[in-house]
Amino acid sequence: MKLLTAALLLLFIAMCLASAEGVKCKCSRKGPKIRFSNVRKLEVKPRYPFCVEEMIIVTLWTRVRGEQQHCLNPKRQNTVRLLKWYRVWKEKGR
């Protein structure tokens with residue numbers, strides 16, 4: 001009987017830890033629309049077991065607020081255009 005309760009307790013702990021992994025996804029909130037000219041850096045991180053979709057993290061610079069990081073929704077048309085623009089911009093060596 002003790003073996004059964006110990007196994008159930010371990011299973012319960014494993015399930016709690018697995019659900020806590022979902023909190024580690026960096027892009028739980030999506031950022032605002034952005035201007036392409038304010039982009040300093042763009043990072044595309046693949047899907048992880050604890051994230052539903054890939055993470056697109058953009059670092060913006062504005063005169064008023066300085067540097068800020070935002071997550072973008074990969075399914076939005078504006079984000080797709082930004083990715084294409086950034087790749088072309090990087091290929092030109094800027």
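L83 lies in helix α2 of this predicted model. At 12% relative accessibility, L83 counts as buried, because buried means under 20% relative accessible area. Leaving aside neighbours within four places in sequence, L83 is in contact with L42, V44 and I56. One of these partners, V44, stands 39 residues from L83 along the chain, and the C-alpha atoms of the two are separated by 9.2 Å.

**Helix α2**

- Helix α2 comprises 15 residues, 77-91.
- From its first C-alpha to its last, α2 reaches 22 Å, which is close to the 21 Å expected at 1.5 Å a residue.
- The buried residues of α2 are N78, T79, L82, L83 and Y86.
- These buried residues lie on the same side of α2, because they cover an arc of only 140° around the axis.
- Q77, K84 and E91 are exposed on the other side of α2.
- The cover over the buried residues of α2 includes three strands: β1 (39-45), β2 (55-62) and β3 (66-72).
- Two of the contacts of L83 named above, L42 and V44, fall within the residue range 39-45 of β1, while I56, also in contact with L83, falls within the range 55-62 of β2.

**Salt bridges**

- How many salt bridges does the structure hold? The structure holds two.
- In one of them, the side chains of E43 and K41 meet with an N to O distance of 3.7 Å.
- In the other, E43 pairs with K45, and the closest N and O atoms are 3.8 Å apart.
- Through shared partners, the salt bridges join K41, E43 and K45 into one network.
- Is E43 buried or partly exposed? E43 counts as partly exposed, because its relative accessibility is 22%, and buried means under 20%.
- K41 is likewise partly exposed, with a relative accessible area of 41%.
- K45 has a relative accessible area of 27% and is also partly exposed.
- The positions of K41, E43 and K45 lie in the range 39-45 assigned to β1, the strand that also contributes to the cover of the buried residues of α2.

**Nonpolar surface patch**

- M1, L4, L8 and L11 make a nonpolar surface patch of about 470 Å².
- L4, one of the residues of this patch, lies in helix α1, which spans residues 2-21.

**Overall architecture**

- The protein contains two helices and three strands.
- Read from the N terminus on, these elements run α-β-β-β-α.
- What share of the 94 residues of the protein counts as buried? The share is 24%.
- Among the contacts with a separation of 6 or more, 45% are between residues 24 or more positions apart.
- The accessible surface of the protein comes to about 7600 Å², and carbon and sulfur atoms account for 58% of that surface.

How values were computed:
Residues are numbered from 1 along each chain as its sequence is written. This is a predicted model: local features need pLDDT of at least 70, side-chain atom pairs count only at pLDDT 80 or more; totals for chains, interfaces and linings use all residues. Side-chain values use heavy atoms; hydrogens and water are left out. Helices (H or I, at least four residues) and strands (E, at least two) are DSSP runs, numbered from the N terminus. The expected span of a helix is 1.5 Å times one less than its number of residues. Buried means under 20% relative accessible area, exposed over 50%, partly exposed in between (1.4 Å probe, protein chains only). The arc is that of the directions from the helix axis to the C-beta atoms. Contact means heavy atoms within 4.5 Å. A salt bridge is a side-chain nitrogen of Lys or Arg within 4 Å of a carboxyl oxygen of Asp or Glu. Patches are made of residues with over 30% relative accessible area and no salt bridge: like charges are joined within 9 Å, nonpolar side chains (Val, Leu, Ile, Met, Phe, Trp, Tyr) within 5 Å. Accessible areas come from the Shrake-Rupley method with a 1.4 Å probe; for residues, only the protein chains shown count as cover.
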